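Student: I'd like a close look at one part of this structure, please. Could you pick a helix and walk me through what surrounds it?

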Amino acid sequence: MAVYLSHSAQQTIDFAREYAKTLNAGDVVLLNGDMGAGKTVFAKGVALGLDIQDEVLSPTYAYMNDYYGKLYHYDCYRLANGAQAEGLGLCDYFYGGGVCLIEWAENIAEVLPENCKTVNIKKISADTREIEY
């Protein structure tokens, strides 16, 4: 894995925009990091890299936001297990034509597809993030 050191939210967005160019339809990316680490900020950059201009917000209560079938942004924080994700139909999108970004993926680990990509975001200071990809 490689590491990028971001010194601002804008640098994280810019890096994620470039990272998005490495993704293909059907890729599933696990966004790991503590609360407030910058997972949703990273998702904003990926969306821009996929030419999505909508404001990207954390889908905490919706579980998943669909951006035109190009990007599926998940927040699985409130899910207890993969069975809940399956029951909500969230797993169906793993095999669709868009990129899936999943926050708190460990909560549904048993239903994730094989060969997921992983991005780990670690808060170093108020503005600095270590992004391992």
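Tutor: Let's take helix 1 and work outwards from there to the sheet. Keep in mind that this is a predicted model.

Helix 1 covers residues 9–20 and lies across strand 1, strand 2, strand 6 (117–123) and strand 7 (129–132). Its direction is at about 150° to strand 1.

Now look at what else helix 1 touches. Its axis and that of helix 2 (residues 39–49) come within 7 Å, crossing at roughly 45°. Helix 1 and helix 2 are therefore called oblique to each other, and their crossing is right-handed. On the helix 1 side, the residues in this contact include Ala 9, Ile 13, Phe 15 and Tyr 19. Across from them, helix 2 brings in Val 41, Phe 42, Val 46 and Leu 48, among others. Sorted by class, the contact has 10 nonpolar, three polar and two charged residues.

Arg 17 of helix 1 is worth a pause, as it takes part in the contact with helix 2. The side chain of Arg 17 also meets that of Asp 14 in a salt bridge, at 3.7 Å from N to O. Both residues sit in helix 1, three residues apart, which is about one turn of the helix. The count of salt bridges comes to three.

Back to the strands, then. They belong to an open sheet of seven strands, in the order 1-7-6-2-5-4-3, with mixed pairing. At the edges you'll find strand 1 (3–6) and strand 3 (64–67), each of which pairs on one side only. From one strand to the next, the twist averages 15°.

A quick reminder about sheets: strands pair through backbone hydrogen bonds, in either a parallel or an antiparallel way.

Try following strand 2 (residues 28–32). With strand 5 (residues 99–103) it pairs in the parallel sense over four bridges, and Leu 31 has Glu 103 of strand 5 as its bridge partner. Strand 2 also runs parallel to strand 6, joined to it by four bridges. Here Asn 32 is partnered with Asn 120 of strand 6.

Stay on Asn 120 for one more step: it stands opposite Glu 132 in strand 7. Strand 6 and strand 7 pair in the antiparallel sense, again over four bridges. These two strands form a hairpin, with five residues between them. That brings you back to where we began, since strand 6 and strand 7 are among the strands that helix 1 lies across.

Methods
Residues are numbered from 1 along each chain as its sequence is written. This is a predicted model: local features need pLDDT of at least 70, side-chain atom pairs count only at pLDDT 80 or more; totals for chains, interfaces and linings use all residues. Side-chain values use heavy atoms; hydrogens and water are left out. Two strands pair if DSSP finds at least two bridges between them. Axes are lines fitted to C-alpha atoms, for helices over the stretch in contact, and angles run from 0 to 180 degrees between N-to-C directions. Contact means heavy atoms within 4.5 Å. Angles under 35 degrees count as roughly parallel, over 145 as roughly antiparallel, 65 to 115 as roughly perpendicular and the rest as oblique. A crossing is left-handed if the near helix is turned anticlockwise from the far one by less than a right angle, and right-handed if clockwise. Ala, Val, Leu, Ile, Met, Phe, Trp, Tyr, Cys and Pro count as nonpolar, Asp, Glu, Lys and Arg as charged, and the others, Gly among them, as polar. A salt bridge is a side-chain nitrogen of Lys or Arg within 4 Å of a carboxyl oxygen of Asp or Glu.
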